[in-house]
Amino acid sequence: MLETSARLLQLLSLLQMRREWTGSALAERMSVTERTVRRDIGKLRSLGYPINASPGVAGGYQLGAGAQLPPLLLDDDEALAVALGLSAVTASPVAGVGEASLRALTKLEQVLPSRLRPKFSTLKNAVVTLAGPTAAVDPEVLTGISSAVAERRVIGFRYAKADGESSRRLAEPYRLVDTGRRWYLVAFDTGRQDWRTFRVDRFESVPTPRERFTPRQLPQPDLAAYVQQSITRSPYQFDVVVRIDAPLQAVAERIPPNIASLSDDGEATVLRAGYDSLDYPLVQLAAVGFAFEILEPAEFRQRAAELAGRLSAAAGTETAAAPPA
């Protein structure tokens, strides 16, 4: 079985290399008989690969549509996974990737076996990805960072902070983290001698590789969790802790990981997130649709009481604001 599979892959590769092959040339190249070549051609056709044959002494075999690309051996589940993956990245924040993924979907459809094309085409045409507001990421910046991560090289780059201030930075890059809407780099800032999480869309230049560095002990084994904590809690004025009266999975479906960190608390879920304003989390939590209890900070409970009084007054059922806890 393994020998036959390897021979079929070799035959596909040869058919891709040249526009047309005679049966005798294929047999000689593969060290088999022409009868074996004809049998293998039949097997490939049964799998759905378009292989044309012309009769006569000067005749031969050639791939049909998609011969300019390597034929793909994908089963139904693999084809579905490819289609879903490429459809998902059409809303990628990386500049140019969305358009490239659509082109790739079209090319892949051409080289898939005929039995898979209807399912592939149906999925491609039916799925639309709803893109949220994102800042474009330069693919050259991502390539430069990933190369430096692999080679353990310090990078130099210009970076714009949230307030627009631009500065030159030197950092040891460790990992890129994709949250869906944004890309982040976890790195050790050599100028500030501390770990930092950089938003890749705020890079104002393609990183320049410099000397190699010796890896440091990571600030946390799970760098994805480290980024989540950095972007949801540490930079903000208020560290909010709330117990939501719903299972973790139900809450996670409504609150994405780039907004808050969630943990299981039995039948409830504990939410932790950072905010500079206490009004926004109240609106957000009210919109989630689950009952919740404010655990920290005290200012958050007071603000909730104040807004509850305003809303009651607006609804004509005014109640006095609760005293500070």
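Reader: Let's start with helix α7: what do its buried residues pack against?

Author: The buried residues of α7 pack against three strands, β3 (153-160), β4 (166-178) and β5 (183-189). A contact means heavy atoms within 4.5 Å. Before we go on: this is a predicted model, so local features need pLDDT of at least 70 and side-chain atom pairs count only at pLDDT 80 or more, while totals for chains, interfaces and linings use all residues. Residues are numbered from 1 along each chain as its sequence is written, and side-chain values use heavy atoms, with hydrogens and water left out.

Reader: What makes something a helix or a strand here?

Author: Both are DSSP runs, numbered from the N terminus: H or I over at least four residues for a helix, E over at least two for a strand. Counted that way, the protein has eleven helices and eleven strands.

Reader: How do you know that the length of α7 fits a helix?

Author: You take 1.5 Å times one less than the number of residues. For the 13 residues of α7 (residues 139-151) that gives 18 Å, and the end C-alpha atoms are 18 Å apart, so the two agree.

Reader: Which residues of α7 are called buried?

Author: V141, L142, G144, I145, A148 and V149. Buried means under 20% relative accessible area, exposed means over 50%, and partly exposed is in between (1.4 Å probe, protein chains only).

Reader: Why do you say they line one face of the helix?

Author: Look down the axis of α7 and its buried residues fall within an arc of 165°, so they line one face. That arc is taken from the directions from the helix axis to the C-beta atoms. The face turned away from the buried side carries the exposed residues E140 and A150.

Reader: What happens at the two ends of α7?

Author: At the N-terminal end, D138 is the cap, with a side-chain oxygen 2.9 Å from the backbone nitrogen of E140. Set that against the rule for a polar contact: a pair of N or O atoms within 3.5 Å, where within protein one must be able to donate a hydrogen and the other to accept it, and residues adjacent in sequence count only if both atoms are side-chain atoms. Just after α7, R152 has a positive phi of about 55°.

Reader: How are the strands around α7 arranged, and what makes two of them a pair?

Author: Two strands pair if DSSP finds at least two bridges between them. By that rule, five strands form an open antiparallel sheet in the order β6-β5-β4-β3-β7. β6 (194-199) and β7 (208-212) each have a single partner strand, so one side of each is left without a neighbour in the sheet. The twist averages 45° from one strand to the next. Such angles run from 0 to 180 degrees between N-to-C directions, with axes as lines fitted to C-alpha atoms (for helices, over the stretch in contact).

Reader: How many bridges hold β4 and β5 together?

Author: Seven, in the antiparallel sense. Among the partners, R175 is matched with V186 in β5, and V177 with Y184. As for α7, it packs on this sheet, touching β3, β4, β5 and β7, and its direction makes about 75° with that of β4.

Reader: Why is β5 called largely enclosed?

Author: Seven of its seven residues are buried, so the rest of the structure largely encloses β5. Both faces are covered, with W183, L185, A187 and D189 on one side and Y184, V186 and F188 on the other. Six bridges also join β5 to β6, running antiparallel, and D189 stands opposite D194 in β6. In the hairpin of these two strands, with four residues in between, Q193 takes a positive phi near 50°.

Reader: What other sheet is there, and which strands are its edges?

Author: An open sheet of four antiparallel strands, in the order β9-β10-β8-β11. Its edge strands are β9 (261-265) and β11 (292-296), as each pairs on one side only.

Reader: Why is A287 called exposed?

Author: A287 has 66% relative accessibility, so it counts as exposed. A287 lies in helix α10 (residues 279-288).
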